[in-house]
Amino acid sequence: MLDDTARRKLVEVKNLKMHFPIYSGVLRSRTGEVKAVDDISFDVFEGETLGLVGESGCGKSTCGRAVLRLYDITEGTVTIDGIEIGTMDQQTLRGYRPMMQMVFQDPQASLNPRMTVARIISEPLEEHTDLSDVDKLARVHELMDAVGLNRDFANRYPHEFSGGQRQRIGIARALALNPKFIVCDEPIAALDVSIQAQVVNLLEELQDKLGLTYLFISHDLSMVRHIADRVAVMYLGKVVELAPRDALYATPKHPYTEALLSAVPDPDPSVENRKERVILTGDVPSPSNPPQGCNFCTRCPKVMEICKTVDPTTVELAPGHFTACHLYTQTTTMTADNTVAQEAQKSDQQGE
Amino acid sequence: MPEAAVIRKPRVLSRVFSAVRLPVGDPFAVVGLVIYALFIVTALSAPLIAPYDPTEILYTENYDLASDLLPGEEGHVLGTTSLGRDIFSQIVWGARSALLVGLTAAFMVAFIGSIVGLLSGYFGGWVDALLMRLADVAFGIPFLPFVIVISAFSEPSIWNTVIAMALVLWRDTGRVIRSQVLSLRSRGYVEAARVSGSSDLKIILRHITPNILPLSFLYGSIAIGWAILTEASISFLGFGDPDAISWGFMLQDAFNSQALARQAYHWFIPPGLAIILVVSAGFFISRGYENLLFPKLGR
C-alpha cells in the first residue's frame, strides 16, 4: 500500500475554508461566522488511508463533507483525480459523484427506513447507470457478497438489521459506483467495540481488493493507528500536525498532539501508571471567535509570548512530517515576513 | 432464493396506501371511520336511497301541496318542508354535496399545502421566504368573510367554498409540512442520496414525500370537516347555491320558514345532526392519525 512508486496524489486540498455565517438581530444581519474549517491543506495519495483526528467540534466532519462538496465551500480548492471540484456548481458535480463516496457515522439515520436494502444499495446505480433490473440486482448481490451480507436479505428493511450490518449496507451503497475515494465519517463511532473491529477490517480488506483511497475521520486514536497510513490532527478548524502514522505516534511534535496521545489509555497498568498525562485546562474556544495568534495558545502547556499574537506557519520537520507550532518555527527566518503580512491581514479582518 | 428474485419497488399506489394506514387501533377513530363509511355510501347511492327528488314540490293524493307534513305522514320518513319537499331525500342528497365539497376542498388544501411545504422546506432561501410571506398573508385573511366576498363576486355555487379554502387554508398544511421537510432534508439518508448524485427532484420524490404523506392526510382529513362546516355556514347565511341541496341550505330554508317557532324539529335537527356527525367524524379520524404519527405524545 505504501509503495513510493505509486504515490500519486488522488486528492489535493488547498487552503480549504468552510465558514458558516451567523445571522442575528431583527434584520437577520450577518454578525459573524463560525470558522469550522479554517485554511486547511492536505493531500491524500492514491491507495492510502489518511486519518483525520481531533476532538468533538474541531471541524473534522465538516472538513470531510466540504471535501465532498456537501457544502458550498467558502474558499480554497479541492482536486480529486485531477478534476477541480471546489468551485464546480452542484449540477455539474453530480456527474462526478461516482468517483467520490461517503460512509456515514450513524448507519441508522443514513438508511431510509422505508426502503429495502436492495433499493438502498441500487439507488446510486439508478442515478448513474442504465442497468436493467436484472443486472442491477446482480450488482446488488455482488456488493452484498463483498461486504459480507447474506444476499437473501435483499428485500428486508434496515430496521431488521443490527448496527454492524447496517453499516455494511452503508458501505455497499458507497461502493456501488466503483468510487476511487471514500470519506469515512466516523464510520465506527456508533458501533459496539466488537463490531468496530469487523467493520474496520472490512474497510481494509475492500481497500486492498479495490484499490480504494480513504479519508478516515475518527476521534478514536487507536483505531486510526490501526487503519491509517498517515494521520492529520485537527484543532479548532486547523490541521496542527500531519505525519506518517508511526512518526506521529512515536514522536508527536505539536503540544496538542502530545496531549491527545497521552490521553489514550494503555492496556498495561504498569505503563499506564507511569505514563505522564498532559492534562489540558480550559475549554475549546468558540470557532466563531478563535483566539489571536495560534488557535491553541489558550490551552497550550508550552505557550510563549509569540503564540498569542502570531499565527504559526506550517513547517516540515522531517520528510512528510508537518506541524504548525512556534516551537519549531522560531529559528526560521521566514517567520518575520509572515508575521507582518498576517498581522496586516488580521487588522483588515477586524476592520470589517 | 425466492425472496430475493427481484428488487421490489413499491408502486405509487401501494406507497400511498402504506402511508395512509387507517387508524383502526383508536376507538374514536373507528367510530369516525364507520360514520365516514355510512356517509360515503349514502352520498354515492343517493338516487337509490332517496325516495323523491329533493327539489321536487310534492302533492298529496287529493292534489293539495304536501307542505309541513310531520314525520311518517303520507309515507314521508322525516316529513316535508313548507314548500312540500321531502326532508329525508334532502338529507340524503345533502350528503352528496357535502362529500363533493369536503373531498375536493380537502384534496386542494392537502395538495397545495404539501407542494408549498416541500418547496419551501427543501429549497429554503428566497423560495422559502416568498412562500412563507404568502402564508403570512393567508394567515391574515379572515376565512369566513373571505368566502362571503368570493361568493358575492361570483355566481352562487358550492365551488366558491372550495376555491376559498384552496386559496386560504393551505397555510396551515404548508407551514407544518415545511417544518417536517426541514428536519427530513438534513437526515443522513438524504445526505447519502446527495453524495450518490441524486437530483433534487428524485430526493424529494423518493426520500421526503413518502415521509410527509401521513401529515398531508392528517391535514386533509381535518379540511374535510372544515369544508363541510364552511359550506353549511355560507348556505345558511344565504350565499349558497339555491339549486344545490346541502345541509346548510336545509337549515337556512328551515330558519326562513320559522320552523323553530313552529317546533318543526324534524326539519332542522336532522341536517344539523348530519353536519355534527360528519365533521366530528373527521376530527375523530384526524385524532387517530395523530396517535399514529406522534405516538410519543400519548394521552
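Reader: In which hand does α4(B) pass α7(B), right-handed or left-handed?
Author: In this predicted model, helix α4 covers residues 87–123 of chain B and helix α7 covers residues 159–168 of chain B. Their axes come within 9 Å. The crossing of α4(B) past α7(B) is right-handed.

Reader: Are α4(B) and α7(B) roughly parallel or roughly antiparallel to each other?
Author: The two axes cross at roughly 20°. Angles under 35 degrees count as roughly parallel. The helices α4(B) and α7(B) are therefore roughly parallel.

Reader: Which residues in α7(B) does α4(B) meet, and how many residues of the contact are charged?
Author: From α4(B) come B:V101, B:T104, B:A105, B:M108, B:V109 and B:I112. They meet B:T161, B:V162, B:M165 and B:A166 in α7(B). The residues of this contact divide into eight nonpolar and two polar, and the number charged is no residue at all.

Reader: Which element gives the most to the side of chain A that touches chain B?
Author: On that side, 31 residues of chain A are in contact with 21 residues of chain B. The elements giving two or more residues are β6 (100–103), α3 (117–128) and α4 (133–146) of chain A. With seven residues, the one that gives the most is α3(A).

Reader: How many residues on the side of chain A that touches chain B are charged?
Author: The residues there divide into three classes. Nonpolar residues number 12 and polar ones seven, while the charged residues number 12.

Reader: How far apart are the end C-alpha atoms over residues 11–261 of chain A?
Author: UniProt lists these residues as "domain: ABC transporter", in an unreviewed entry. Over them the chain is 35% helix and 28% strand. The end C-alpha atoms are apart by 27 Å.

Methods: Residues numbered from 1 in each chain as written. Chains lettered and ligands numbered in written order. Predicted model: local features only at pLDDT ≥ 70, side-chain atom pairs only at ≥ 80, totals over all residues. Axes fitted to C-alpha atoms, helices over the stretch in contact; angles between N-to-C directions. Helix = DSSP H or I, 4+ residues; strand = E, 2+ residues; numbered from the N terminus. Parallel < 35°, antiparallel > 145°, perpendicular 65-115°, else oblique. Left-handed = near helix turned anticlockwise from the far one by under 90°. Contact = placed C-beta atoms within 7 Å. Nonpolar A, V, L, I, M, F, W, Y, C, P; charged D, E, K, R; others polar. UniProt positions renumbered as here; feature names shortened; annotations may be inferred.
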